[in-house]
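Ready for some practice in reading a protein structure? Keep the viewer open and try each exercise before you look at its solution.

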Amino acid sequence: MNARWQRAVVLGSWLAWIAWMAWQWPRSPAHALAGWALAWVAYGLVQALPFIFMWRVNRREPVPRPGLAQLLRAWAAEALQACVVFGWRQPFCEHAGPDWLPEPSPQGQAARRGVVLLHGFLCNRGFWLPWMRMLRARGHAYVALTLEPAFGSIDDYAPDIDAAVRRVTAATGMPPVIIGHSMGGLAARAWLRAYAGLGNEKAGTADAEAVERRVHRIITLGSPHGGTWSARFSAADNARQMRLGSAWLRALQRQEPASRGALFTCWYSNCDSVVFPARTATLPGADNRLVPGVAHLQMAFHAPLVQACLELLDA
């Protein structure tokens, strides 16, 4: 569903630009180009507004305050990534990279651990296209899901995640690593609660053993584990679940064993203009890793962070 409306937005924008140029160019090329430039300025300002909110909300956070140059670099990177992700990969490349599940070796086990990729809010599996190419080149089996319904409850995604985990495990003979960007990290936690373990605060060793049989590790990139201030601007079911202090998040936290965080590596940033306050992208007991100066979409494609994730896959 996300791909359809994103295609409509992109094609509508191009038609509007063509109509504007056709109307204005014969009258004044300067006016035609000025209108085109103004549209890009407006786009940049729209991208800048969340950074202003983030900077104000993060003032009391225990993370380094980004300087102006760092904020500007993050804003420019996010604006560029938004163009690529929402203007090309997701509208037109959702199915360009099929899942890759190679046949097991004669010994019944693949050479490398597999991966399940979970995207965030307003996204689809096309988000992961660069990852798909990279994982296949390195010999990692993978399944990239489009989480549907797009605006439904995060709990609704658990059955599809469970099926993906089973497929990757069957292909490799090993429990996979789950990598979730933004909402995808919460979807992984909802799957854990529903399928992977005992899923309550009294569970102990039995829960840890059950989880280890299903998933090797969960890596989250800018996931709002504690909710996010920006979720207040959407009335979608999954957005309401991601609001700061939401009833859904409180219930999820209560039902997770204290040891559950040790399964996670959580990347977070002081320049994430979607998930803030910054601490909300961390989990108690997790391997929480700050990546300074990196924006929300940028986080999934930031070369040092991607390399660190690949090292975790090989660990």
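A cavity is a set of grid points where a 1.4 Å probe fits but cannot get out. Keep in mind that this model is predicted.

**Exercise 1. How many cavities of 30 Å³ or more does the structure hold, and which residues line the largest cavity?**

Solution.
- Step 1: The idea behind the search is that rolling a probe the size of a water molecule over the atoms shows where empty space is left.
- Step 2: The structure holds 1 cavity of 30 Å³ or more.
- Step 3: The space in the largest cavity comes to about 40 Å³.
- Step 4: Its lining is made up of M1, N2, A3, E94, C123, N124, T146, L147, E148 and A150.
- Step 5: Sorted by class, that lining has 5 nonpolar, 3 polar and 2 charged residues.

**Exercise 2. Which residues of helix α9 are buried, and why do they lie on the same side of α9?**

Solution.
- Step 1: Find helix α9 at residues 247-254; its buried residues are W248, L249, A251 and L252.
- Step 2: These residues cover an arc of only 160° around the axis, which puts them on the same side of α9.
- Step 3: A general rule helps here: an α-helix has 3.6 residues a turn, so residues three or four places apart point the same way.
- Step 4: Now look at the face turned away from the buried side, where you will find the exposed residues A247 and R254.
- Step 5: Finally, ask what covers the buried residues of α9: the cover includes α6 (183-196) and α8 (237-241).

**Exercise 3. Where in the chain are R279 and E61, which form a salt bridge, and is each one buried or partly exposed?**

Solution.
- Step 1: In the salt bridge between R279 and E61, the closest N and O atoms are 2.1 Å apart.
- Step 2: R279 sits in the loop between β5 (264-268) and β6 (287-290), while E61 sits in the loop between α2 (29-57) and α3 (68-92). The pair links distant parts of the chain, 218 residues apart.
- Step 3: To judge burial, use the cut-offs: under 20% relative accessible area is buried, over 50% is exposed, and in between is partly exposed.
- Step 4: With a relative accessible area of 49%, R279 is partly exposed. E61, at 9%, is buried.

**Exercise 4. Which salt bridges do R193 and R189 form?**

Solution.
- Step 1: R193 pairs with D155, the closest N and O atoms being 2.8 Å apart.
- Step 2: R193 lies in helix α6 and D155 in the loop between β2 (142-144) and α5 (158-172), so this bridge ties together parts that are 38 residues apart in sequence.
- Step 3: R193 is buried, with a relative accessible area of 19%, whereas D155 is partly exposed at 30%.
- Step 4: R189 meets E256 in a salt bridge of 2.8 Å, N to O.
- Step 5: R189 lies in helix α6 and E256 in the loop between α9 and β5, so their bridge joins parts 67 residues apart in sequence. Both R189 and E256 are buried.
- Step 6: For the wider picture, the structure holds 11 salt bridges, and D99, R125 and R167 are linked in a network of salt bridges.

**Exercise 5. Is Q298 buried or exposed, and which residues is Q298 in contact with, leaving aside its neighbours within four places in sequence?**

Solution.
- Step 1: Look for Q298 in the loop between β6 and α10 (303-314).
- Step 2: Q298 has a relative accessible area of 15%, so Q298 is buried.
- Step 3: With its neighbours within four places in sequence left aside, Q298 is in contact with A74, A77, E78, Q81 and G293.

Key: Residues are numbered from 1 along each chain as its sequence is written. This is a predicted model: local features need pLDDT of at least 70, side-chain atom pairs count only at pLDDT 80 or more; totals for chains, interfaces and linings use all residues. Side-chain values use heavy atoms; hydrogens and water are left out. Buried means under 20% relative accessible area, exposed over 50%, partly exposed in between (1.4 Å probe, protein chains only). Helices (H or I, at least four residues) and strands (E, at least two) are DSSP runs, numbered from the N terminus. The arc is that of the directions from the helix axis to the C-beta atoms. Contact means heavy atoms within 4.5 Å. A salt bridge is a side-chain nitrogen of Lys or Arg within 4 Å of a carboxyl oxygen of Asp or Glu. On a 1 Å grid over the protein atoms alone, a cavity is a set of points where a 1.4 Å probe fits but cannot get out, and a pocket is an open set with protein on both sides within 12 Å along at least five of seven lines; lining residues have an atom within 4 Å of a point. Grid points are joined across faces, edges and corners, and a volume is the space filled by probe spheres set on the points. Ala, Val, Leu, Ile, Met, Phe, Trp, Tyr, Cys and Pro count as nonpolar, Asp, Glu, Lys and Arg as charged, and the others, Gly among them, as polar.
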